[in-house]
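Q: Got a minute to walk me through this fold? I'd like to start with the strands.

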Amino acid sequence: MTVIYGAYGGHNAGDEVILDTLIMEIRKINPLEKIAVICNPSESYNPGENIEILKKRSLMKIMNLLSKENLIIGGGQLLNGTRLNKGLLYILLLSILSNRLNKKPIVVGIGSESLSNGFHRFLCQ
């Protein structure tokens, strides 16, 4: 299984194209690969068949998956340096957890605003 985290399900066509492309590329390599998507979906969100949707707050299930599975982080403006950046902190949490479990996350297509906050710039480095 591959786990994907991004800003999906918010009705932004660009984010959905990134997710569709990731799914298509994963399925080219392994057509039977199971995929789980971590996001904050709208009620009607459905990215496709055989794709499990995990809400960001399902931390125990996410931790269990990350102990065994690959993680791809990408899609959407996950970095916003003008306020407390929950997206950045969540990316760091997933990355640290994945690294501690001897997995290397893959980062693809993350958008960002100006990181004017020095602390946010430090965390991104």
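Q: So how many bridges join β2 to strand β3, and which way do they run?
A: Five bridges join β2 to β3 (residues 51–55), and the two run parallel. Two strands count as paired if DSSP finds at least two bridges between them. Strands here are DSSP E runs of at least two residues and helices are H or I runs of at least four, numbered from the N terminus.

Q: Before we go on, where do these numbers come from?
A: This is a predicted model, where local features need pLDDT of at least 70 and side-chain atom pairs count only at pLDDT 80 or more, while totals for chains, interfaces and linings use all residues. Residues are numbered from 1 along each chain as its sequence is written, and side-chain values use heavy atoms, with hydrogens and water left out.

Q: OK, which residue of β3 stands opposite I38?
A: That's L54.

Q: And what about β1 and β2?
A: Those run parallel too, joined by four bridges. I4 has V37 as its bridge partner in β2. Together with helix α1 (residues 13–29), β1 and β2 make a right-handed β-α-β unit. Right-handed means that, with the strands pointing away from the viewer, the path from the first strand over the helix to the second runs clockwise.

Q: How many residues of β2 are buried?
A: Five of the five in β2 (residues 35–39). Buried means under 20% relative accessible area, with a 1.4 Å probe and protein chains only. I35, V37 and C39 sit on one side, A36 and I38 on the other, so both faces are covered.

Q: Switching topic: which residues form the aromatic pair?
A: Y5 and Y90, and the structure holds one such pair. Their centres are 5.0 Å apart with 50° between the planes, which makes the pair tilted. For pairing, ring centres must lie within 6.5 Å; planes under 30 degrees apart are stacked, over 60 edge-to-face, and the rest tilted. Y5 is in strand β1 (residues 2–5) and Y90 in helix α3 (residues 86–100), 85 residues apart.

Q: How accessible are Y5 and Y90?
A: Y5 is at 2% relative accessible area and Y90 at 9%, so both count as buried.

Q: Which residues have the most contacts inside the largest nonpolar core?
A: Y5, I38, I62, L66 and L94, in a core of 14 residues. Such a core is a set of buried Ala, Val, Leu, Ile, Met, Phe, Trp, Tyr and Cys residues joined through side-chain atoms within 4.5 Å. Its largest share, four residues, comes from α3.

Terms used: Rings of Phe, Tyr and Trp (its six-membered ring) pair if their centres lie within 6.5 Å; planes under 30 degrees apart count as stacked, over 60 as edge-to-face and the rest as tilted. Buried means under 20% relative accessible area, exposed over 50%, partly exposed in between (1.4 Å probe, protein chains only).
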